[in-house]
Amino acid sequence: MSARTVVVTGAASGMGRAVVERFLAGGSRVVALDRDATPLAELADAGPDLVPLVADVVDRAAVEDGLAAALDGAPLNAVVNAAGIYPPTTLADYTAELHERVFGVNVLGTLNVTAAALPHLRAAGGGAVVNFASVDAFAVSPGQLLYSASKAAVLALTRSLAIELAPDRVVVNAVAPGWVDTPGNAATGRMAAVAEGIPLGRVAQPDEVALWVERLAEPGYVTGETVVIAGGSAMR
Ligand SMILES: NC(=O)c1ccc[n+]([C@@H]2O[C@H](COP(=O)([O-])OP(=O)(O)OC[C@H]3O[C@@H](n4cnc5c(N)ncnc54)[C@H](O)[C@@H]3O)[C@@H](O)[C@H]2O)c1
């Protein structure tokens with residue numbers, strides 16, 4: 001593989017961070033975008049191939065300006081939309097503010113980063129977008145009302161964007177992880193109990209998802225698809 005440039009959102013933690021580490025190990029230049037400046041600054045110690053970009057994916061102008069500055073004219077080969085939030089919500093406790101936050105980061109954020117990246121992908125003659133959906137997009141997790149709906153939206157926009165961007169030779173796919181051992185998930189305190197119910201008997205490690213992200217970030221003949229990475233706990 002020749003030297004490539006990729007942008008990864010949610011780069012400071014969990015699966016986004018694992019994706020960054022995998023791309024760096026493979027020799028890519030990585031624009032690591034996150035709204036959380038402190039862990040991003042620690043990541044920057046990884047070396048000159050990592051370009052940190054502090055931005056909120058909900059802020060389209062900040063993403064466009066930040067990405068253009070980070071790339072500094074270099075073409076872009078792939079986009080990984082890993083930034084996401086998953087606060088628990090039910091019909092009993094949802095609020096308009098929570099709806100706006102969850103759909104803002106998970107759906108609008110994915111659109112904003114993809115739109116900001118498109119001119120730079122075109123400059124490379126095409127490329128790949130990898131979105132983060134979830135098994136919650138098509139299987140029901142109690143207490144994830146808004147999150148499930150937002151990830152179903154990510155599935156739908158992955159398919160629509162695959163068609164819309166095909167003339168640009170940009171493929172658009174998604175991963176749908178089940179339970180993964182990430183800081184955000186560990187905070188729920190439910191991982192050990194959940195592992196017992198997974199056919200493969202354990203939750204995934206972040207790099208097991210990053211492996212598939214890396215594969216889907218190589219432009220090929222697969223577009224509009226979602227790869228389920230769930231140890232048998234969900235199938236399509
Ligand atoms: N952890 C899981 O088991 C699991 C399962 C299925 C899908 N997912 C999805 O995978 C993705 C990564 O999950 P994770 O558990 O690794 O996450 P995490 O909580 O460990 O990290 C998420 C990162 O995204 C960043 N972020 C959040 N909102 C942002 C914003 N508005 N702008 C920029 N950065 C922002 C955070 O600062 C953080 O660094 C998410 O989209 C999540 O919904 C997670």
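This is a short dialogue on reading a predicted model of a protein with a ligand.

Trainee: Where do I start? How many helices and strands does the protein have?

Mentor: Begin with the inventory of elements. Here the secondary structure comes to 8 helices and 7 strands.

Trainee: How does the radius of gyration of the protein compare with the globule rule?

Mentor: Set the computed value beside the one expected for the chain length. The radius of gyration is 17 Å, and the rule gives 18 Å for 236 residues. The two are close, so the protein is as compact as a globular protein of that length. Along the principal axes, the C-alpha trace spans about 45 × 35 × 35 Å.

Trainee: What share of the residues is buried?

Mentor: Count C-beta neighbours within 10 Å; 20 or more makes a residue buried. Buried residues are 45% of the 236 in the protein. Then look at the contacts. Of those with a separation of 6 or more, 69% join residues 24 or more positions apart.

Trainee: Now the ligand. Which residues come nearest?

Mentor: List the shell, then pick out its nearest members. The shell holds 29 residues, and G10, G14, G84, T182 and G184 come nearest. Next, ask which elements supply the shell. Helices α1 (14-25), α4 (96-123) and α6 (183-186) each give two or more residues.

Trainee: How do the shell residues divide by class?

Mentor: Into 14 nonpolar, 11 polar and 4 charged. Glycine counts as polar in that tally.

Trainee: Helix α4 also meets α3. At what angle do their axes cross?

Mentor: For a helix pair, read distance, angle and hand. The axes of α3 (residues 60-71) and α4 come within 9 Å and cross at roughly 35°. The crossing is right-handed.

Trainee: Which residues make that contact?

Mentor: From α3, they are R60, V63, E64, L67 and L71. They meet N112, V113, A116, A117 and H120 of α4. By class, this contact has 6 nonpolar, 2 polar and 2 charged residues.

Trainee: Last, backbone angles. What is the phi of D72?

Mentor: Look for positive phi in residues other than glycine. D72 has a phi of about 50°. D72 sits in the loop between α3 and β4 (78-81).

Trainee: Why is D72 classed as exposed?

Mentor: Because D72 has 7 other C-beta atoms within 10 Å, and the cut-off for exposed is 12 or fewer.

Trainee: And where does R169 lie?

Mentor: In the loop between α5 (145-165) and β6 (170-177). R169 also has a positive phi, near 60°. With 15 C-beta neighbours inside 10 Å, R169 counts as partly exposed.

Definitions and conventions: Residues numbered from 1 in each chain as written. Predicted model: local features only at pLDDT ≥ 70, side-chain atom pairs only at ≥ 80, totals over all residues. Near = placed C-beta within 6 Å. Helix = DSSP H or I, 4+ residues; strand = E, 2+ residues; numbered from the N terminus. Rg over C-alpha atoms; globule rule 2.2 N^0.38 Å. Contact = placed C-beta atoms within 7 Å. Axes fitted to C-alpha atoms, helices over the stretch in contact; angles between N-to-C directions. Left-handed = near helix turned anticlockwise from the far one by under 90°.
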